[in-house]
Amino acid sequence: MTRQPFFYDITLRDGNQSLKKPWNLTEKELIFNKLVDFGVQGIEVGFPASSELDFQACRRLAEISTEKTVVSALARTVEKDILRGIEAIAPCKKPRLHTFIAMSPFNMKYVLNKEPHEVRKLAVDAVKFAKEKLPKNGEIEFSIEHFGDCAENIDYVIETLQEVVAAGAHVINLPNTVERERVKNFVNLVEKVYNALPKDIIISVHCHNDLGMATASTVESYFAGATQLECSLNGLGERAGNTNIYEVAVALHNCGVDVPLQLNHIYELALTVSEMAHVKIAELAPLIGPQALAHRSGIHQDGAIKTKDMEKGAYRPIHPTLIGRKDDEKIGFTSQSGKTAVFEIIKDAGYPITMQEAVRITPFVKEAAEKVGELPVRNILDIYFEKIYNIKGDFRLVSFEKLAENVFNLKFFHKDKFFEFDGHGNGPVDACLDALKQAGFPQKLVNYKQSAIDGELFGSGAVAMTVIHFEDKAGNVIVSRAKDESTINANVKAIFNGLNLLSA
Ligand code: KIV
Ligand code: ZN
């Protein structure tokens with residue numbers, strides 16, 4: 001049995017404070033409700049001391065919160081901030097006050113302008129004060145801002161945390177406020193704190209994504225003892241953002257961890273948040289990005305297609321439906337792509353094609369892609385129509401007319417020479433092959449199939465499709481096809497397409 005992670009969402013606080021246009025109350029309420037439905041166990045709703053607007057928003061969200069969710073407000077280690085925070089979350093069923101101060105040597109010296117013993121006193125006093133003022137059911141979270149920069153004074157940090165815990169903190173949050181170096185170094189610090197504090201204290205991490213490793217730091221911290229994971233929707237947060245909750249949730253799920261979130265809400269959540277935050281989802285964003293399900297190289301396309309309906313895919317970390325995304329792995333055709341892509345794209349567009357035909361037209365599709373990059377499906381279909389239904393070559397049909405039952409007159413050119421013969425046979429295909437034989441072009445028909453087709457798909461009125469298999473002199477079977485409003489014409493055109501393929 002794995003330890004269940006506690007997802008603590010900071011979209012409405014760290015995320016919101018980073019927006020060009022922070023959310024109003026209505027917007028915050030909408031996101032809050034979505035977070036509750038998603039299943040996060042804790043939500044940091046804001047920083048009430050920062051503005052009247054934020055105070056009102058926190059108060060409103062506190063009012064609508066239920067037993068299901070811990071709701072917290074942020075406060076500096078300053079009495080007036082703490083009082084304002086507690087006032088804002090007072091109506092909660094599960095209130096939490098989150099107070100913080102920096103403890104890295106750099107920040108204490110250059111930003112706070114304080115000695116370490118002064119910072120320690122502020123931290124401990126703030127927690128004592130919060131404990132005194134909070135209702136009985138209230139919790140205290142304490143954060144060491146810039147914890148990731150505390151390697152050189154980690155003993156001081158740990159001693160301070162022990163005092164903070166003794167003063168009444170329930171959750172110790174360890175932020176990588178600015179991600180500067182190795183994941184491993186950060187995780188080692190987390191592990192040190194975890195080992196030094198009583199086991200009933202919840203260790204939390206809060207990672208910013210300055211170097212793009214916040215998900216890794218958070219996931220590895222979980223395995224090092226952190227139970228609370230502070231993340232945000234779409235990774236919203238200061239600068240390069242906070243840890244993306246979708247990535248952490250899916251990574252832990254893939255590791256067999258019991259993730260208590262409705263993972264199938266992810267895709268819809270991501271689209272909504274992107275729109276509301278006016279922050280586009282990056283093309284290459286993991287899981288939710290437009291490109292996350294696109295395959296362009298021939299090898300990847302082949303593997304993706306072969307494992308399309310399987311839960312585990314050759315070239316994707318999850319089945320897209322796990323996060324509520326449509327099962328639409330995109331096969332885009334570029335000069336790097338191959339025959340499997342041509343086959344799939346045409347088949348997906350609703351048109352009949354065999355792999356042999358795909359192989360035949362792939363060089364033409366590649367040539368077109370070399371000029372423009374990724375080819376739109378329309379252009380691929382144009383090549384398909386030109387190269388499959390209208391094969392140019394030595395043979396050119398002039399006419400094929402019925403003279404009597406099972407007797408047809410065939411006129412055609414071979415190179416520049418004109419031929420005309422009356423063919424006899426059991427139906428038009430037989431009669432046409434008979435006429436060709438008389439002209440000196442006998443063919444070995446292996447298979448013949450005619451079917452009705454969707455006229456709309458093919459444009460004006462095409463209703464009959466003929467597929468013919470001929471065997472060439474070397475014993476290879478070639479496929480040719482044609483379509484026409486008349487079944488007889490579809491047959492003869494398919495035969496002439498086949499003749500041109502054989503003589504190519
Ligand atoms: O990044 C940070 O250090 C924070 C703290 C306030 C928790 O957001
Ligand atoms: Zn932060």
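In this predicted model, Val250 is in contact with Leu263, Leu287, Ile318 and Ile323, once its neighbours within four places in sequence are set aside. Val250 belongs to helix α10, which covers residues 245-254. It counts as buried because 22 C-beta neighbours lie inside 10 Å, where 20 or more are required. A further relation links Val250 with Ile266: the two are 16 residues apart along the chain, and their C-alpha atoms are separated by 9.8 Å.

One of the contacts of Val250, Leu287, deserves a short look of its own. Leu287 is found in the loop between α11 (266-277) and β9, and its phi is near 65°, a positive value in a residue other than glycine. Leu287 counts as buried because it has 23 C-beta neighbours inside 10 Å. Asn113 is another non-glycine residue with a positive phi, here near 60°. The loop that holds Asn113 runs between α5 (105-112) and α6 (116-133). Is Asn113 buried or exposed? With 9 C-beta neighbours inside 10 Å, Asn113 counts as exposed, the limit for that class being 12 or fewer.

Attention turns next to the surroundings of the ligand. Around ligand 1 stand Asp14, Phe100, Ser143, Glu145, Asn173, Pro175, Thr177, His206 and His208. Two elements, β5 (139-145) and β6 (171-176), give two or more residues to this shell. By residue class, the shell holds 2 nonpolar, 5 polar and 2 charged residues.

Strand β6 also pairs with β7, in the parallel sense and over 6 bridges. In this pairing, Val171 stands opposite Ile202 of β7. Strand β7 (residues 202-207) is mostly covered, with 5 of its 6 residues buried. Another parallel pairing joins β2 (residues 42-46) to β3 through 4 bridges, and there Glu44 stands opposite Ser72 in β3. Strand β3 (residues 70-76) is mostly covered as well: 6 of its 7 residues are buried.

Two helices, α12 and α13, can be described together. In α12 (residues 298-306), the buried residues are His300, Gln301, Ala304 and Ile305. Where on the helix do the buried residues of α12 fall? Seen down the axis of α12, they lie within an arc of 125°, so they line one face of the helix. This fits a familiar rule: an α-helix has 3.6 residues a turn, so residues three or four places apart point the same way. The cover over the buried residues of α12 includes β9 (294-295), β10 (330-331) and α13 (339-348).

Helix α13 is largely enclosed by the rest of the structure, because 8 of its 10 residues are buried. The buried residues of α13 are Lys339, Thr340, Ala341, Val342, Phe343, Glu344, Ile345 and Ile346. Among the elements that cover them are α12, β10, α14 (355-372) and α15 (377-389). After α13 comes Gly350, with a positive phi near 100°.

Two open sheets complete the description. Strands of a sheet pair through backbone hydrogen bonds, either parallel or antiparallel. One open sheet has 3 strands in the order β11-β12-β13, with antiparallel pairing. Strands β11 (395-404) and β13 (417-424) stand at its edges, each with a single partner strand, so one side of each is left without a neighbour in the sheet. The twist in this sheet averages 15° from one strand to the next. Strand β12 (residues 407-414) and β13 pair over 8 bridges in the antiparallel sense, with Val407 opposite His424 of β13. Helix α16 (residues 428-438) lies across β11, β12 and β13, and runs at about 135° to β13.

The other open sheet has 3 strands in the order β14-β15-β16, again with antiparallel pairing. Its edge strands are β14 (444-452) and β16 (477-484), each of which pairs on one side only. From one strand to the next, the twist averages 15°. Strand β15 (residues 464-471) pairs with β16 in the antiparallel sense over 8 bridges, and Ala464 stands opposite Asp484 in β16.

Note on methods. Residues numbered from 1 in each chain as written. Chains lettered and ligands numbered in written order. Predicted model: local features only at pLDDT ≥ 70, side-chain atom pairs only at ≥ 80, totals over all residues. Near = placed C-beta within 6 Å. Nonpolar A, V, L, I, M, F, W, Y, C, P; charged D, E, K, R; others polar. Arc of directions from axis to C-beta. Contact = placed C-beta atoms within 7 Å. Pairing = 2+ DSSP bridges. Axes fitted to C-alpha atoms, helices over the stretch in contact; angles between N-to-C directions.
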